[in-house]
Amino acid sequence: MRSRRSAVWVLGAALVAAACSRKPASVEIAERKATIYGIDHSTRLTARVLDSKGRPVEQTTASWSSSNGEVAEAEPGGRIVAKKAGKTLITATYEGLSAKVPVEVIDVATIEMASPSISLVGPAGTSVPLTCTVKDSHGKGLALKPGWTSSNPKVATVSADGVVTSVSPGTATVIASIGDTKGPGRKAETGEIQGGCDVTVTLRPIARVEIRPATALARVGETQHFEVTAYAPDGAPIPEVAAVFRSSDPSVASIDGAGVASGRKPGATKIRVELAGQFAEATLLVN
């Protein structure tokens, strides 16, 4: 009888000890840091209350707060809402225990493509770069590099730098995006900021290309648009094709993927165009 009582006492003591060990000892936030792209966009953080052995304590919920509510507000459940560009510390608290993570808000509003659509003509494997401008809510350009994806890689692929390459005839939409909602540990609740370019691929040989105007004049701060015409082996013109544009002196004038040159300082530069191994050249004078 005495041994039975001892066994019950030992079991009870073990249960009491187990219960004590389940007391909250720390708070852990799953994300080490977070970045929110876009005002009024949001992300969700995850917090757990742990015991002294690092095991989750059930039926516990942390409360959330922000050190700078003007930058980002912390809502119940760990939803963090961006309010303006800046940085803040987000704190998860439970019964005097807490954990903090830094959160940065980047004001991104739009991604403007240099060309909303392009015609990619040439043999399979012909490539042209796409260019875009990332802007904040005030219309100011940002030095942010977007990610690139193709809606139909069987028609056209796109590199991490926005270079589109033809694969087969057809159409695809190439998308530039800021704000990875699918990255590890992210639980973004609002979509990415995106810009798109419709690509039409036509597979045919190119014999030569021309750039117009052959000579152009622009002032500092002004722009000049150059157009490219490709020619098939039979001499048939193929107008308004996408091509690779380069300026021999970008300090005098830069040029984007749509063939729009911008005057930077007085001088002269050569505007060179390339498509499917064919080249042409024009002169731009800036004063």
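**Charged pairs, buried positions and backbone exceptions**

Arg79 is partly exposed, with a relative accessible area of 23%. The model in which this value was computed is a predicted one. The partner of Arg79 in a salt bridge is Glu75, with 2.9 Å between the closest N and O atoms. Glu75 is likewise partly exposed, at a relative accessible area of 28%. The pair is one of 10 salt bridges in the structure. Side chains of opposite charge can pair when their charged atoms come close.

A further salt bridge is formed by the side chains of Lys135 and Glu112, at an N to O distance of 3.2 Å. Lys135 belongs to strand 13 (residues 132–135) and Glu112 to strand 10, so this pair ties together parts that lie 23 residues apart in sequence. The relative accessibility of Lys135 is 22%, which places the residue in the partly exposed class. Glu112 is also partly exposed, with a relative accessible area of 39%.

Glu210 and Arg212 form another salt bridge, in which the closest N and O atoms are 2.5 Å apart. Through shared partners, salt bridges join Arg208, Glu210 and Arg212 into one network. Glu210 is partly exposed at 23% relative accessible area, and Arg212 is partly exposed at 41%. Arg208, a member of this network, also has its charged end over the ring of Tyr231, at 4.0 Å from the ring centre. The structure holds zero aromatic pairs. Arg212 is further involved in a backbone exception: the peptide bond that joins Arg212 to Pro213 is cis, with omega about 0°. Pro213 is placed in the loop between strand 20 (208–212) and strand 21 (215–218).

Asp107 presents a charged residue without such a partner. The residue is buried yet has no salt bridge. The nearest side chain of opposite charge belongs to Lys140, at a distance of 9.7 Å; since a salt bridge requires a nitrogen within 4 Å of a carboxyl oxygen, that pair does not qualify. The side chain of Asp107 instead makes a polar contact with the side chain of Ser137, at 2.6 Å. In the fold, Asp107 sits in the loop between strand 9 (97–106) and strand 10 (110–113). When residues up to four places away in sequence are not counted, Asp107 touches Ile39, Ala85, Asp136, Ser137, His138 and Leu142.

At the level of the whole chain, the protein has one helix and 29 strands. Of its 287 residues, 36% count as buried. Among contacts between residues at least 6 apart in sequence, 56% join residues at least 24 apart.

Two buried positions within strands were examined. Val27 is found in strand 1 (residues 26–29) and has a relative accessibility of 9%, so the residue counts as buried. The C-alpha atoms of Val27 and Leu50 are 6.0 Å apart in space, while the two residues are separated by 23 residues in sequence. With neighbours within four places in sequence set aside, the contacts of Val27 are Ala47, Arg48, Val49, Ala92, Tyr94, Leu97, Ser98 and Ala99.

Ala172 lies in strand 18 (residues 170–178). Its relative accessibility of 5% puts Ala172 in the buried class. Ala172 and Ala156 are 16 residues apart in sequence, with a C-alpha to C-alpha distance of 6.5 Å. Outside the neighbours within four places in sequence, Ala172 is in contact with Ser150, Ser151, Asn152, Val155, Cys197, Asp198 and Val199.

Positive phi values were found at two glutamates. Glu95 has a phi of about 50° although the residue is not a glycine. Glu95 is located in the loop between strand 8 (86–94) and strand 9, and at 62% relative accessibility Glu95 counts as exposed. For Glu240, also not a glycine, phi is positive at about 55°. Glu240 occupies the loop between strand 24 (237–239) and strand 25 (244–247). The relative accessibility of Glu240 is 68%, and the residue therefore counts as exposed.

Note on methods:
Residues numbered from 1 in each chain as written. Predicted model: local features only at pLDDT ≥ 70, side-chain atom pairs only at ≥ 80, totals over all residues. Heavy atoms only, no water. Phe/Tyr/Trp six-rings, centres within 6.5 Å; stacked < 30°, edge-to-face > 60°. Lys NZ or Arg CZ within 6 Å of the ring centre and 35° of its normal. Helix = DSSP H or I, 4+ residues; strand = E, 2+ residues; numbered from the N terminus. Buried < 20%, exposed > 50% of the residue type's maximum accessible area, 1.4 Å probe, protein only. Lys, Arg positive; Asp, Glu negative; His and termini not counted. Polar contact = N/O pair within 3.5 Å; in protein donor to acceptor, adjacent residues only side chain to side chain. Contact = heavy atoms within 4.5 Å.
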